[in-house]
Amino acid sequence: MEQKNEFELFQRYPKNPILTVSDWPYRANSVFNAAAAEVDGKVLLLARVEDYRGFSHLTAARSDDGITNWQIDSKPTMKPEPEKYPEEIWGIEDPRITWIEDMGKWAICYTAFSQGGPLVSLALTTNFKTFRRLGPVMPPDDKDAALFPVKINGLWAMLHRPVSRSSMLGAHIWISFSPNLKHWGDHHEIIPARQGGWWDANKIGLCSPPLETKAGWLIVYHGVKTTASGSIYRLGLALLDLENPLKVIRRTDEWIFGPQAHYEREGDVDDVVFPCGWVKKNDKLFIYYGAADSSLCLATADLDELVEYVLKCPAK
Ligand code: BMA
């Protein structure tokens with residue numbers, strides 16, 4: 001692992017990127033923004049793969065140590081099915097995986113790129129080979145969604161990021177509830193994008209799924225700063241109350257990770273770090289992120305240090 005940089009909570013894996021399209025067993029334009037989970041003792045990444053039409057599908061890669069020797073499915077693991085699910089016409093993107101102990105299943109929230117814009121779809125799996133789609137659960141525009149692993153006060157809960165057509169009003173993180181994973185309501189905005197000069201002004205979105213810690217649900221989110229030469233995607237943290245996740249206990253004022261390495265600064269979309277998954281290995285957190293919409297990278301963090309840091313941030 002990399003020499004620890006004492007100012008950074010996240011340490012980049014020195015041999016990043018861990019996966020690129022040159023590792024892929026079939027022809028594709030790019031691999032990025034992967035969900036992550038520990039499945040049968042291995043780390044499984046469900047990567048977004050963009051083909052040469054510009055459409056995305058999802059493909060699984062598995063590794064014993066979560067770093068090297070990835071076994072990549074030889075063909076797409078989960079393909080868009082526009083004949084049955086018309087909202088998947090322009091592809092499926094940016095999955096987030098949550099293990100639902102109560103059901104003994106993995107839930108995957110993903111973006112379906114419909115003719116009406118991106119929306120949130122949900123699928124369940126036990127094996128990452130076959131998937132049971134529950135279909136769209138949020139209408140467009142909505143993305144950056146993940147489920148909580150447990151019911152909250154008797155209901156399933158999901159974080160997501162709807163965008164108002166009047167984009168002047170910004171894009172914020174919302175929470176919604178469901179009795180059955182299919183019908184969603186009780187919608188509340190919980191983390192607003194800031195305004196003006198902030199790194200996370202106007203547009204934010206959830207990254208990896210909420211992670212349960214003693215101090216609360218740990219959230220990592222991206223903030224998008226618009227500049228004269230394009231957008232910069234950086235990451236911040238927040239902590240939600242364990243029993244009542246509508247309550248934001250803490251939120252970092254400063255971004256804690258942003259594009260610095262050349263593979264994050266230059267690619268199909270410059271200046272993007274975009275995690276969709278993290279895996280806890282002992283006290284370490286392995287965070288998997290798409291870099292510049294072009295490759296898959298790894299950074300590690302000490303979970304206690306992250307929580308300690310976020311607890312020092314202003315109360316919200
Ligand atoms: C967001 C998402 C991500 C992408 C990012 C940068 O809106 O679509 O998939 O990585 O833009 O292009």
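**Strands, cores and a ligand site**

Ala112 stands opposite Leu119 in strand S8, and this pair of residues is a convenient place to enter the structure, which is a predicted model. Strand S7 and strand S8, the latter covering residues 117–125, pair in the antiparallel sense over nine bridges. Both strands belong to an open sheet of four strands, arranged in the order S6-S7-S8-S9 with antiparallel pairing. Strand S6 (92–100) and strand S9 (132–138) are the edge strands of this sheet, each of them pairing on one side only, and the twist from one strand to the next averages 25°.

Within S7, which spans residues 105–114, lies Thr111. Is Thr111 buried or exposed? With a relative accessible area of 2%, Thr111 counts as buried, because the limit for a buried residue is under 20%. Once its neighbours within four places in sequence are left aside, Thr111 is in contact with Gly91, Ile92, Glu93, Asp94, Pro118, Leu119, Lys143 and Asp144.

A second open sheet is also made of four strands, here in the order S10-S11-S12-S13, and its pairing is antiparallel. Its edge strands, each pairing on one side only, are strand S10 (142–147) and strand S13 (185–191), and the twist averages 25° from one strand to the next. Four bridges hold S10 and strand S11 (residues 156–162) in antiparallel pairing, with Ala146 standing opposite Leu159 in S11.

Earlier in the chain, strand S3 (residues 42–50) is largely enclosed by the rest of the structure, because eight of its nine residues are buried. S3 pairs in the antiparallel sense with strand S2 (residues 30–39) over eight bridges, and Lys42 in S3 is the bridge partner of Val39. The hairpin of S2 and S3 has two residues between the strands, and in this hairpin Asp40 takes a positive phi near 50°. Eight bridges also join S3 to strand S4 (residues 56–63), again with the strands running antiparallel, and Arg48 stands opposite Leu58 in S4. The hairpin of S3 and S4 has five residues between the strands, and there Gly54 takes a positive phi near 100°.

Arg48 also appears in the surroundings of the ligand, which comprise Asn33, Arg48, Asp94, Lys143, Tyr233, Val269, Val272, Phe274 and Asp293. Which of these residues place a polar side-chain atom close to an oxygen atom of the ligand? For Asp94 the distance from such an atom to a ligand oxygen is 2.5 Å, for Asp293 the distance is 2.6 Å, and for Tyr233 the distance is 3.1 Å. Asp94 is also among the residues in contact with the buried Thr111.

The nonpolar interior remains to be described. In soluble globular proteins, nonpolar side chains tend to be buried together. The largest nonpolar core here has 26 residues, of which Phe10, Leu218, Phe257, Tyr289 and Leu306 touch the most other members. At least two residues of this core are supplied by each of strand S16 (216–227), strand S17 (230–240), strand S19 (273–281), strand S20 (284–291), strand S21 (295–302) and helix H2 (303–311). Leaving aside its neighbours within four places in sequence, Phe257 is in contact with Glu8, Phe10, Arg12, Arg234, Leu235, Glu264, Val273, Tyr289 and Ala299. Apart from this core lies another one of 22 residues, among them Ala61, Trp70, Phe286 and Leu298.

Methods:
Residues are numbered from 1 along each chain as its sequence is written. This is a predicted model: local features need pLDDT of at least 70, side-chain atom pairs count only at pLDDT 80 or more; totals for chains, interfaces and linings use all residues. Side-chain values use heavy atoms; hydrogens and water are left out. Buried means under 20% relative accessible area, exposed over 50%, partly exposed in between (1.4 Å probe, protein chains only). Contact means heavy atoms within 4.5 Å. A nonpolar core is a set of buried Ala, Val, Leu, Ile, Met, Phe, Trp, Tyr and Cys residues joined through side-chain atoms within 4.5 Å. Two strands pair if DSSP finds at least two bridges between them. Axes are lines fitted to C-alpha atoms, for helices over the stretch in contact, and angles run from 0 to 180 degrees between N-to-C directions. A residue is near a molecule or strand if one of its heavy atoms lies within 4 Å of it. A polar contact is a pair of N or O atoms within 3.5 Å; within protein, one must be able to donate a hydrogen and the other to accept it, and residues adjacent in sequence count only if both atoms are side-chain atoms.
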